[in-house]
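Biologist: Hello! Could you walk me through this model, one question at a time?

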Protein chains: 2
Amino acid sequence: MHRIDIYDTTLRDGAQSEDISFSVEDKLRITEKLDELGVHYIEGGYPGSNPRDIDYFRKVSRLKLVNSKVVAFGSTHRPKKKPGGDETMKALIEAGTPIITIFGKTWDFHVKEALRVSLEENLDIIHDSVTFLKKHAEKVFFDAEHFFDGYINNPKYALKCLKAAQDAGADCLVLCDTNGGTITSVVGDVVKKAVKGYAVPIGVHMHNDADCAVASSVTGVETGASHVQGTINGLGERCGNANLISIIPNIQLKLGMKCLTPEQLRKLRDVSRFVTEIANLRHFKRQPYTGDSAFAHKGGMHVSAILKRPETYEHVSPGLVGNSQRVLISDLAGKSNILRKAEEFGIRLSTDSVQIQDIVTKLKELENQGFQFEGAEASFELLMKKSLGLHKKFFELMGFRLIVEKRKEGEEPISEATIMVKVGGHVEHTAATGKGPVNALDNALRKALEKFYPELKEVKLHDYKVRVLTAGKGTSAKVRVLVESGDKGNRWGTVGVSENIIEASYQALVDSVDYKLLKEEE
Amino acid sequence: MHRIDIYDTTLRDGAQSEDISFSVEDKLRITEKLDELGVHYIEGGYPGSNPRDIDYFRKVSRLKLVNSKVVAFGSTHRPKKKPGGDETMKALIEAGTPIITIFGKTWDFHVKEALRVSLEENLDIIHDSVTFLKKHAEKVFFDAEHFFDGYINNPKYALKCLKAAQDAGADCLVLCDTNGGTITSVVGDVVKKAVKGYAVPIGVHMHNDADCAVASSVTGVETGASHVQGTINGLGERCGNANLISIIPNIQLKLGMKCLTPEQLRKLRDVSRFVTEIANLRHFKRQPYTGDSAFAHKGGMHVSAILKRPETYEHVSPGLVGNSQRVLISDLAGKSNILRKAEEFGIRLSTDSVQIQDIVTKLKELENQGFQFEGAEASFELLMKKSLGLHKKFFELMGFRLIVEKRKEGEEPISEATIMVKVGGHVEHTAATGKGPVNALDNALRKALEKFYPELKEVKLHDYKVRVLTAGKGTSAKVRVLVESGDKGNRWGTVGVSENIIEASYQALVDSVDYKLLKEEE
């Protein structure tokens with residue numbers, strides 16, 4: 001079977017999205033997730049333009065990746081310089097990745113108007129840059145910027161640029177639709193011609209300004225490209241890049257070509273949602289393949305048909321991409337999920353037990369309030385065990401008070417929490433400060449409980465996220481707080497929801513403590 | 001020039017979206033807006049399945065539409081019935097529209113599994129239904145349900161269904177990709193074959209389950225269809241319908257065929273946002289052509305190029321679809337972004353002024369601290385005006401204190417804020433409660449200032465967002481707060497950053513107040 005290479009640029013081109021700003025830690029977590037998914041290449045950043053990316057490349061070399069190779073991205077060397085004396089080139093080499101991708105100009109208009117050099121000079125720049133980098137990396141890929149616009153304007157010159165890169169030893173020639181305005185039929189025609197002329201593998205890199213990026217990438221593969229670039233969920237500048245979350249199953253399930261293993265493909269929904277969470281966005285419900293609505297059926301006629309034969313209104317089986325069928329206004333889908341989860345948590349339940357119905361009802365009620373358990377499995381396990389009477393109460397809250405006080409403009413406010421808890425017959429009343437009100441409350445709660453449960457000293461809070469749920473209600477909106485905690489061996493996520501951020505945080509903190517104590521007992 | 005008919009089904013197929021429920025009033029307002037835009041047909045509803053739609057058709061006949069014709073939608077008559085005795089047929093006629101569209105089965109699998117009649121019987125049903133309706137309407141369009149799946153499975157039979165509709169007098173044969181899974185190259189091949197066999201105009205109706213609906217619709221037109229169905233913003237069941245907001249400019253600006261007048265095309269962004277508002281959704285920033293980010297530029301290199309020649313990084317001129325170019329403020333940006341912004345704010349600065357360098361330095365410093373001005377242009381304008389000495393102080397904070405108190409488990413905590421401010425020589429000391437600490441502080445701040453600045457009463461807080469910046473630091477992480485405020489005519493965004501969420505919120509709230517007072521003065 002023909003293999004198509006998947007090249008992910010979520011961390012570079014995707015990071016150009018408006019409202020997105022990944023920390024180095026975010027980028028490392030996404031790298032691990034992409035490796036799990038099994039994409040062949042991960043473009044990690046642009047070390048020549050961004051000091052944060054230099055830090056990323058230093059740290060990413062310590063990760064043990066199984067499937068993916070990390071790539072550093074940059075440009076051809078600057079005009080009037082030698083490659084060896086160019087800062088961008090230096091930064092690329094220092095990144096120390098096995099593969100380097102550079103972009104170069106191929107549209108004559110851009111060569112003259114943006115780069116401001118002669119057409120000949122640009123060919124030399126491409127050739128010399130690739131030649132130089134080939135000495136320092138396993139492979140060098142050449143991104144032909146604005147290739148489609150360039151080809152339409154001056155096909156001979158655009159092809160000459162590809163040839164310059166090929167002659168210098170480039171290992172893949174990537175045709176980029178940088179402005180994203182090329183329609184699919186034109187992409188097919190141009191790729192066909194480019195593939196004929198070159199021995200080196202051809203890639204495509206599409207942007208979505210004409211809303212055709214996914215179809216054009218698929219057409220690119222049908223007309224001869226064997227390397228596809230894109231981002232998770234189509235993140236990227238302006239209208240975004242081609243969405244790999246749609247491209248991968250289209251290539252694999254519709255064209256019958258190979259990108260990932262079937263097990264990897266089943267991680268698609270998980271990866272898609274993970275990146276949304278890290279980017280602190282909302283997952284787009286109507287997103288093909290991985291959205292919540294992607295396999296949700298509303299119309300009564302559709303519902304009765306899919307219950308008999310799902311293929312009547314489903315183009316692929318949702319399980320293939322890790323998604324599932326949803327029948328709106330019905331909890332048929334819920335039960336099987338609950339059963340599957342119970343099994344994971346080591347709880348035995350039968351399909352027709354009354355308790356399942358109770359859990360489904362409780363879950364629906366909480367989800368209506370804004371709870372979401374995807375990043376908070378520990379809270380879900382607690383909910384389940386409470387419903388089944390498998391959970392005991394470790395402490396009782398008698399009350400807390402938080403004070404945030406600012407005495408002067410320009411001065412940081414002081415945060416202090418007092419708390420009173422009861423464990424068995426003992427009452428503990430204590431206080432703590434913190435960098436903010438939530439930190440103060442967290443410190444006070446642990447201080448009070450560590451007396452009774454010294455094992456809590458091992459617990460560290462790793463991550464804290466806040467999501468405002470109800471848009472358009474200003475500062476009285478509902479918020480969801482997600483907390484990620486860990487001890488020596490484990491990490492777990494908990495959740496809280498309230499109109500009061502302190503209350504939402506408190507719920508998530510209490511669940512985190514509860515979960516740790518429950519695991520110690522088990 | 002070849003004219004392509006645009007057929008909008010936002011009010012029928014689009015209304016099948018999860019989370020959408022249009023009232024009759026909503027539908028009438030959208031109808032008027034679509035007529036302004038100039039689409040040729042507006043499918044208003046399914047009178048046979050929905051009593052609300054009957055009401056809509058009664059009321060829509062009183063609107064004075066200039067450009068569009070209203071269409072009622074339904075199905076072929078039920079098996080074992082005569083068309084004249086069928087309730088759906090009756091409802092269609094009673095809707096009283098000049099045009100009626102009915103769908104019929106064309107996939108042999110569906111005929112047998114869902115409709116449960118013989119293949120011959122289904123042909124009769126199609127023929128008799130169209131024949132009957134032709135007596136009651138100017139035109140009858142036939143939606144060939146699942147045509148692409150049907151054609152692939154049994155091309156002869158699928159084409160026979162089209163022929164039955166044509167022979168009965170159908171005025172358009174619409175090839176539907178009901179499950180949305182057909183890829184673009186297949187759509188092109190099938191349309192080409194269907195166009196050859198039939199004298200009647202061919203239409204296409206795509207769904208977006210493979211993320212190809214826009215490209216496939218455009219390809220459909222290139223291969224011979226002259227009628228395109230879709231919805232505004234791609235609303236619709238599962239992954240939605242083909243998005244007319246992308247299809248229309250693609251056909252008009254890329255294929256050079258005619259759908260709308262240039263003046264109508266300039267209403268595209270307005271119509272796109274209007275439907276989003278009525279549907280009570282958020283407008284998708286990355287939406288091609290009409291999204292806020294569609295022509296937004298972030299990278300410094302891109303910005304300096306578009307300032308010289310916009311076509312270097314813009315596939316079409318944004319004004320053609322009623323959108324505009326935006327330059328984003330971010331640490332990737334350089335001097336040219338700042339100059340461009342200063343111009344927008346009505347500040348005169350020359351390229352080599354020392355003040356620009358000061359602003360760039362200040363901006364980089366703040367962005368290192370975690371500030372981000374992309375969603376907070378008002379804070380950026382204040383920053384700029386403060387740097388240039390163009391901003392005066394409206395009040396001084398003497399101090400605030402916030403108390404959040406929870407007295408019992410399961411009880412919501414109470415939030416109270418006290419605040420002291422000085423305006424001129426007057427000191428105001430007051431207090432307020434709120435749904436959470438930020439809401440309480442917000443209420444107290446306004447209460448204190450409204451005495452001196454009654455114009456603040458107009459200001460409403462529309463949105464409040466919190467982003468945790470430093471992962472892996474638990475509850476002592478830094479947070480960024482974005483606040484969106486508005487008055488009668490305007491909306492503006494402000495930002496604050498701190499390890500203390502209260503302090504970060506306070507900064508954003510103060511900027512919001514400051515901005516309003518500054519604008520009142522100007």
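Modeller: Happily, and I will begin with the residue just after helix H15(A), Gly370(A), whose phi is positive, near 115°. Helices (H or I, at least four residues) and strands (E, at least two) are DSSP runs numbered from the N terminus. This is a predicted model, where local features need pLDDT of at least 70 and side-chain atom pairs count only at pLDDT 80 or more, while totals for chains, interfaces and linings use all residues. Residues are numbered from 1 along each chain as its sequence is written, and chains are lettered from A and ligands numbered from 1 in the order in which they are written.

Biologist: Thanks! What span from first C-alpha to last is expected for H15(A) at 1.5 Å a residue?

Modeller: H15(A) covers residues 354-369, which is 16 residues. The expected span is 1.5 Å times one less than the number of residues. The helix reaches 23 Å, close to the expected 22 Å.

Biologist: Why do the buried residues of H15(A) lie on the same side?

Modeller: Buried means 20 or more other C-beta atoms, placed from the backbone, within 10 Å of a residue's own; exposed means 12 or fewer, and partly exposed is in between. By that count the buried residues of H15(A) are Ile356(A), Ile359(A) and Leu363(A). They share a side of H15(A) because the arc they cover around the axis, taken from the directions from the axis to the C-beta atoms, is only 60°.

Biologist: And which residues are exposed on the other side of H15(A)?

Modeller: The other side has its own set of residues. They are Val354(A), Asp358(A), Lys364(A), Glu365(A), Asn368(A) and Gln369(A).

Biologist: Nice. In what order do the eight strands of the chain A barrel close?

Modeller: Strands count as paired if DSSP finds at least two bridges between them. The pairing in this barrel is parallel. The order is S1-S2-S3-S4-S5-S6-S7-S8.

Biologist: Which residue in S5(A) stands opposite Ile102(A)?

Modeller: Strand S4(A) (residues 99-105) and strand S5(A) (residues 139-145) run parallel and are joined by seven bridges. Opposite Ile102(A) stands Phe142(A).

Biologist: Over in chain B, at what angle do the axes of H17(B) and H18(B) cross?

Modeller: Axes are lines fitted to C-alpha atoms, for helices over the stretch in contact, with angles from 0 to 180 degrees between N-to-C directions. The axes of H17(B) (residues 437-450) and H18(B) (residues 501-521) come within 10 Å. They cross at roughly 35°.
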